[in-house]
Amino acid sequence: MTIFFVNPMGYGTLGKYDYNIVSNFQNTTVLYLTNTKSQTHNLDQDSMKIYDYSSKKGIFKALSYIRSQYQLLQLAKSKNPRVVHFQWLKTPRVDLLLIKRLKRNSKTILTVHNLLPHSSGNRFKAIYKKIYLTVDQLIVHTARTKEELVKDYHITAEKIQIIPHGTFPIENLDRDKTANIKSAFVTNFKTADKVVFGVLGRINAYKGIPIIAEAWRKLTPEKRGVMHLLIAGEGKSTALEYIEGLDNTTVVNEAISDEEFQAFLEVSDFLLLPYLQISQSGFLLTALSNRKRVIVSNRGGLTEPFSLGKVGYIIEEPLNAENVKSALLEALDNKDIYPDETVWEKVLGYYDWKNIARSTEALYLL
């Protein structure tokens, strides 16, 4: 049984996702079709880097992507795969036509990492609804995403399979460098006896930075005196100017290395994710893989781990600065209460890549 596992953007976080699933397949023969920027070293399955649009600009980017999709179609004609499993789509109108053609001879599956592209509003809702209706099977990572597909996109529940997204521990770290960064942070900002709230990773509009900034300013100086807010990551937000210079606040508004990310993760007592909109968060799973407590909004899959055990706090609705402030204070009051080992075992077992790969292979056989 030949499977096409297709990810036009198979690098970065998506590339790690692909690698962790494909490398754990046991009962299928996979051809991994991905981007020229993908790192597929140590992958037992065959791979072809047919997508090169990311190195192009303007109209040439679109033309390159379309050419690659045509190449995928020709490969499908020659190899006749049982399943073509897409992880990501770039040009949905072109991709819809391709999926319709592939359906003639192969089962088509799409993993819905997010219902719609980040920060796109509802601009692409109509075309993605057509795609979701057209493919034979959909994979989602959380029960809430499945509910949204059924309610808002009118997809039959039987067509949707819930398979979780695995955790992402950072690999090949310079541990000495990480330890030095961590030690310097604790020393320079005197956080050894404070509760550190971390906001890490690229700053995007959906991550609720303005709400965090407003909530932090609402705290009294006395409360901030036993707390510390760390925001580290590349991206723009005018809200950062609102809190820079406040006591017990550190803003590192630039790209950070893996060692810096890991160090900042380790110094944080709680990771703060008051996201406005999300289906699933790779950062959430990285935090959990490091056994870190989280404070999350009631959005998408952010609350899914709480069904396995209390791993932090869920911000009450409505999602505003006052309720974020309340969650911060609740976490502060309970700073010495940690999930026990049985909770972490459940969480890490649920998000284990071997189990995820088994579930994915089982879907191919249906």
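**Figure 1. The salt bridge between Lys 335 and Asp 336 in the predicted model.** Lys 335 is partly exposed, with a relative accessibility of 34%. Its partner in the salt bridge is Asp 336, and the closest N and O atoms of the pair are 3.9 Å apart. Asp 336 counts as exposed, at 60% relative accessibility. The model contains 11 salt bridges by the rule applied here; further examples appear in the next two views.

**Figure 2. A salt bridge joins helix 10 to helix 6.** Glu 266 and Arg 175 form a salt bridge in which the closest N and O atoms are separated by 3.7 Å. Because Glu 266 belongs to helix 10 (residues 258–267) and Arg 175 to helix 6 (residues 175–189), the pair ties together parts of the chain that lie 91 residues apart in sequence. Glu 266 is partly exposed at 25% relative accessibility, and Arg 175 is partly exposed with a relative accessible area of 48%. A network of salt bridges links Arg 175, Lys 182 and Glu 266.

**Figure 3. The salt bridge between Glu 234 and Arg 202.** The closest N and O atoms of Glu 234 and Arg 202 are 3.5 Å apart. This pair links distant parts of the chain, 32 residues apart: Glu 234 is in the loop between strand 9 and helix 9 (239–243), and Arg 202 is in the loop between strand 8 and helix 7. Glu 234 counts as partly exposed, with 41% relative accessibility. Arg 202 also counts as partly exposed, with 46% relative accessibility.

**Figure 4. The buried Lys 159 and its surroundings.** Lys 159 is located in the loop that runs between helix 5 (143–153) and strand 7 (160–162). Although buried, Lys 159 has no salt bridge: Asp 136, the nearest side chain of opposite charge, is 6.8 Å away. A polar atom of the Lys 159 side chain lies 2.8 Å from the backbone oxygen of Tyr 132. Leaving aside residues up to four places away in sequence, Lys 159 touches Tyr 132, Leu 133, Thr 134, Val 135, Asp 136, Gln 137 and Leu 138.

**Figure 5. An open sheet of six strands with parallel pairing.** The strand order is 10-9-8-11-12-13. Strand 10 (249–252) and strand 13 (312–314) form the edges, each pairing on one side only. From one strand to the next, the twist averages 20 degrees. Within the sheet, strand 8 (residues 195–200) pairs with strand 11 (residues 270–273) in the parallel sense over two bridges. Phe 197 has Phe 270 of strand 11 as its bridge partner.

**Figure 6. Helix 7 lies across four strands.** Helix 7 (residues 209–218) crosses strand 8, strand 9 (227–232), strand 10 and strand 11. Relative to strand 9, helix 7 runs at about 160 degrees. The four strands belong to the open sheet shown in the preceding view.

**Figure 7. The buried residues of helix 1 and their packing partners.** In helix 1 (residues 12–22), the buried residues are Leu 14, Gly 15, Tyr 17, Asp 18, Asn 20, Ile 21 and Val 22. These buried residues pack against three strands, namely strand 1 (2–6), strand 2 (29–35) and strand 5 (107–111), and against helix 14 (353–365).

Key. Residues are numbered from 1 along each chain as its sequence is written. This is a predicted model: local features need pLDDT of at least 70, side-chain atom pairs count only at pLDDT 80 or more; totals for chains, interfaces and linings use all residues. Side-chain values use heavy atoms; hydrogens and water are left out. Buried means under 20% relative accessible area, exposed over 50%, partly exposed in between (1.4 Å probe, protein chains only). Lys and Arg count as positive and Asp and Glu as negative; His and the chain ends are not counted. A salt bridge is a side-chain nitrogen of Lys or Arg within 4 Å of a carboxyl oxygen of Asp or Glu. A polar contact is a pair of N or O atoms within 3.5 Å; within protein, one must be able to donate a hydrogen and the other to accept it, and residues adjacent in sequence count only if both atoms are side-chain atoms. Contact means heavy atoms within 4.5 Å. Two strands pair if DSSP finds at least two bridges between them. Axes are lines fitted to C-alpha atoms, for helices over the stretch in contact, and angles run from 0 to 180 degrees between N-to-C directions.
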